[in-house]
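Grab a viewer and work through the exercises below. Each one sets a task and then walks through a solution.

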Amino acid sequence: TPYLGDSQFFDSSTIKGWGTRSYVMSFIQIRQTRNFVLILAIFCAGCDRRPKPVAPQATLQDAMTRLQANDAAGAAKILTEITKREPRNGRAWRNLGLANQKANDLDGAMQAYQQALEVEPSVPTPLLQLAAISSSKHDYEGAFSWLSKAKASHKVDLTQMDVTPELAPLKSDPRYRAMLPSRKDFDDPFVENVTIIREWDG
């Protein structure tokens, strides 16, 4: 009795009923071909594991778009991811401070602004915002400390003090007026020595 390859045995009467030996061989070939195709399909299915596409990373521009749309929380989330990827990115830290400040996360804003000063001390603009946050938290001494550092840097526009509502409680303190720029602060605007031929106001 021939073995047909699929766990089935057939007696001679069955084979005679099929008619010819060639029919039996064709049946065997069909079974073998079907088994081969099945194995090939399983193999190919295991090989066709394509990697999933990687989502694009959020950018600073994405965060700025959120800020312009008044989505401070969304911007803060993006900027937090950016600062994790780029911990030395001062601009990202400054904007994270701004986003947190707009979202009323004052502690998070202070931390971000201070980190910005640490990684990029040549850009001291966060000092004014740190003073504003300190004043908002009724830490007036801390606010004046930040303002003193801003004035000493000679790089922060302290005329903005008068239009920063958080600093309004400081105006009754004599130290406030001393922090504002005087005419003398604008007398020498040039880094190199120059000769002024003519000067006029207007």
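**Warm-up: a covered helix**

Helix 7 is mostly covered, with nine of its 11 residues buried. Here buried means under 20% relative accessible area, exposed means over 50%, and partly exposed is in between (1.4 Å probe, protein chains only). Helices (H or I, at least four residues) and strands (E, at least two) are DSSP runs, numbered from the N terminus. This is a predicted model, so local features need pLDDT of at least 70 and side-chain atom pairs count only at pLDDT 80 or more, while totals for chains, interfaces and linings use all residues. Residues are numbered from 1 along each chain as its sequence is written, and side-chain values use heavy atoms, with hydrogens and water left out.

**Exercise 1. Find which residues of helix 7 are buried and what covers them.**

Step 1: The buried residues of helix 7 are P126, L127, L128, L130, A131, A132, I133, S134 and S135.

Step 2: Their cover includes helix 5, helix 6 and helix 8. 

Step 3: Go just past the end of helix 7 and you hit H138, with a positive phi of about 65 degrees.

**Exercise 2. Lay out the overall fold and how far to trust it.**

Step 1: Count the elements: nine helices and zero strands. Along the sequence that reads α-α-α-α-α-α-α-α-α.

Step 2: Check burial and surface. Of the chain's 202 residues, 31% count as buried. The exposed area is about 14,400 Å², with carbon and sulfur atoms supplying 55% of it (Shrake-Rupley method, 1.4 Å probe; for residues, only the protein chains shown count as cover).

Step 3: Look at contacts, meaning heavy atoms within 4.5 Å. Among those with a separation of 6 or more, 43% join residues 24 or more positions apart.

Step 4: Check pLDDT, the predictor's confidence in each residue, from 0 to 100. The chain averages 82, and 64% of the residues score at least 70. Over residues 1-10 pLDDT stays under 50, and the model has 17 contacts beyond four places in sequence for them.

**Exercise 3. Work out which residues touch the most other members of the largest nonpolar core.**

Step 1: Set the rule. A nonpolar core is a set of buried Ala, Val, Leu, Ile, Met, Phe, Trp, Tyr and Cys residues joined through side-chain atoms within 4.5 Å. In soluble globular proteins, nonpolar side chains tend to be buried together.

Step 2: The largest core has 23 residues, and L128, W146, L147, L158, M161, L167 and L170 touch the most other members. Helix 6 (106-119), helix 7 (126-136), helix 8 (140-153) and helix 9 (174-179) each supply at least two residues of this core. Helix 7 gives the most, with six.

Step 3: Zoom in on L147. Leaving out residues up to four places away in sequence, L147 touches L128, A131, L158, M161, L167, L170 and M179. Apart from this core lies another, of 17 residues, among them A75, A76, I78 and I82.

**Exercise 4. Explain how R94, A116 and V156 count as buried, and list what they touch.** Contacts here skip residues up to four places away in sequence.

Step 1: R94 lies in helix 5 (residues 90-102). R94 counts as buried because its relative accessible area is 19%. R94 is in contact with Y113, A116, E120, V123, T125 and P126.

Step 2: A116 is in helix 6 and is buried, with a relative accessible area of 1%. A116 contacts G90, W93, R94, P121 and P126. A116 and N89 are 27 residues apart in sequence, yet 7.8 Å apart C-alpha to C-alpha.

Step 3: V156 sits in the loop between helix 8 and helix 9, buried at 14%. V156 touches P124, T125, L128 and A150. V156 and L128 are 28 residues apart in sequence and 7.5 Å apart, C-alpha to C-alpha.

**Exercise 5. Decide whether H138 and H154 are buried or exposed.**

Step 1: H138 is in the loop between helix 7 and helix 8, and with a relative accessible area of 60% it is exposed.

Step 2: H154 is in the loop between helix 8 and helix 9. At 69% relative accessibility, H154 counts as exposed. Its phi is near 60 degrees, a positive value in a residue other than glycine.
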